[in-house]
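Thanks for coming. I have a structure to walk through, and I will keep to a few places in it.

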Amino acid sequence: MDYLDGRIEIMEGDITRLDVDAIVNAANKTLLGGGGVDGAIHKAAGPKLLEETRTLGGARTGEAKITAGYKLSARHVIHAVGPVYHDGKHGEPDLLAGAYRTCLELASQNACATLAFPAISTGVYGYPREPAARIAFRTIIAYVEQHPEIKLVRYVLYGAAALAAHQRVLDQVRME
Ligand code: ADP
């Protein structure tokens with residue numbers, strides 16, 4: 001499925017396999033690897049990725065940092081730190097939107113015209129799927145509309161249920 005003249009796509013798949021300029025990692029504050037998509041990205045990129053992230057000094061929640069992609073098809077990895085979800089009243093929406101926005105800004109600054117996002121914070125960090133998807137799509141659409149240098153954003157879901165839920169939310173957000 002694609003939206004915004006084909007500039008936003010949502011799909012099911014393994015983000016580590018995508019041939020885009022940058023893939024986004026749902027990292028933790030240390031940027032030293034972890035479980036979920038973070039573990040999969042480090043495994044696929046090889047040990048040099050960890051060597052580089054060791055030099056970065058971590059990142060704050062709601063921020064992101066960029067590295068090379070090493071053995072990945074993607075030239076870069078953008079390591080975003082989404083919020084751990086408590087009850088939605090601890091700044092989680094702004095922090096999640098900030099993580100997406102920082103990734104998009106880093107893509108623009110590093111000439112990454114095509115990028116892929118996982119559903120940041122919706123795994124181990126426990127952010128409920130629908131509200132997280134609403135924030136993700138609102139932030140991505142607002143940015144892409146203002147930034148023609150971003151040619152394609154692929155939003156990559158793990159599993160058919162996650163894909164269907166995100167499609168519903170994207171359809172709602174497009175009508176706002
Ligand atoms: P967080 O700690 O930010 O919640 P997780 O890695 O636990 O990050 O999960 C983020 C999302 O990424 C989850 O929805 C999970 O299903 C998904 N995911 C896990 N592995 C992959 C992968 N290889 N490609 C795409 N998405 C993935």
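I will go through a helix pair, three buried residues, the ligand site and a loop by the start of the chain. Please keep in mind that this is a predicted model.

Let's begin with the two helices. Helix α1 covers residues 36–45 and helix α2 covers residues 47–54. Their axes come within 6 Å and cross at roughly 115°. That angle makes α1 roughly perpendicular to α2. Which residues make the contact? On the α1 side they are Ile41, His42 and Ala45, and on the α2 side they are Leu49, Leu50 and Thr53. Sorted by type, the residues of this contact are four nonpolar and two polar, with no charged ones.

Two of those names come back when we look at Leu31. Leu31 sits in the loop between β3, residues 22–27, and α1. Is Leu31 buried or exposed? With a relative accessible area of 1%, Leu31 is buried. Leaving aside neighbours within four places in sequence, Leu31 is in contact with His42, Thr53, Leu56, Gly58, Ala59, Lys65, His79 and Val81. For Thr53 there is also a distance: Leu31 and Thr53 are 22 residues apart in sequence, and their C-alpha atoms are 5.9 Å apart in space.

Now to helix α5, which runs over residues 160–174 and contains His166. Val169 lies in α5 as well. His166 is buried, at a relative accessible area of 2%. Val169 also counts as buried, at 2% relative accessibility. What does the side chain of His166 reach? The side chain of His166 reaches the backbone oxygen of Ala162, at 2.8 Å.

As for contacts, again not counting residues up to four places away in sequence, Val169 touches Glu130, Ala133, Arg134 and Phe137. His166, with neighbours within four places left aside, is in contact with Ile10, Ala119, Arg129, Ala133, Phe137, Tyr155 and Leu157. Ala133 and Phe137 therefore appear in the lists of both buried residues, Val169 and His166. For a pair that is far from touching, take Val169 and Tyr70: they are 99 residues apart in sequence and 34 Å apart in space, C-alpha to C-alpha.

Next, the ligand. How many residues are around the ligand? There are 13, and Asp14, Ser121, Thr122, Gly123 and Val124 come nearest. Three polar distances are worth reading out. A polar side-chain atom of Thr122 is 2.8 Å from an oxygen atom of the ligand. Tyr125 has a polar backbone atom 3.0 Å from an oxygen atom of the ligand. With Ile15, a polar backbone atom is again involved, this time 3.0 Å from a nitrogen atom of the ligand.

Last, the loop between β1, residues 2–3, and β2, residues 8–12, where we find Leu4. Asp5 is found in the loop between β1 and β2 too. Most residues other than glycine have a negative phi. Leu4 has a positive phi, near 55°. Asp5, which is not a glycine either, has a positive phi of about 55°. How exposed are the two? Leu4 counts as partly exposed, at 27% relative accessibility. Asp5 counts as exposed, at 83%.

To recap the stops: α1 and α2 cross at roughly 115°, Leu31 is buried in its loop, His166 is buried in α5, and 13 residues surround the ligand.

Key
Residues are numbered from 1 along each chain as its sequence is written. This is a predicted model: local features need pLDDT of at least 70, side-chain atom pairs count only at pLDDT 80 or more; totals for chains, interfaces and linings use all residues. Side-chain values use heavy atoms; hydrogens and water are left out. Axes are lines fitted to C-alpha atoms, for helices over the stretch in contact, and angles run from 0 to 180 degrees between N-to-C directions. Helices (H or I, at least four residues) and strands (E, at least two) are DSSP runs, numbered from the N terminus. Angles under 35 degrees count as roughly parallel, over 145 as roughly antiparallel, 65 to 115 as roughly perpendicular and the rest as oblique. Contact means heavy atoms within 4.5 Å. Ala, Val, Leu, Ile, Met, Phe, Trp, Tyr, Cys and Pro count as nonpolar, Asp, Glu, Lys and Arg as charged, and the others, Gly among them, as polar. Buried means under 20% relative accessible area, exposed over 50%, partly exposed in between (1.4 Å probe, protein chains only). A polar contact is a pair of N or O atoms within 3.5 Å; within protein, one must be able to donate a hydrogen and the other to accept it, and residues adjacent in sequence count only if both atoms are side-chain atoms. A residue is near a molecule or strand if one of its heavy atoms lies within 4 Å of it.
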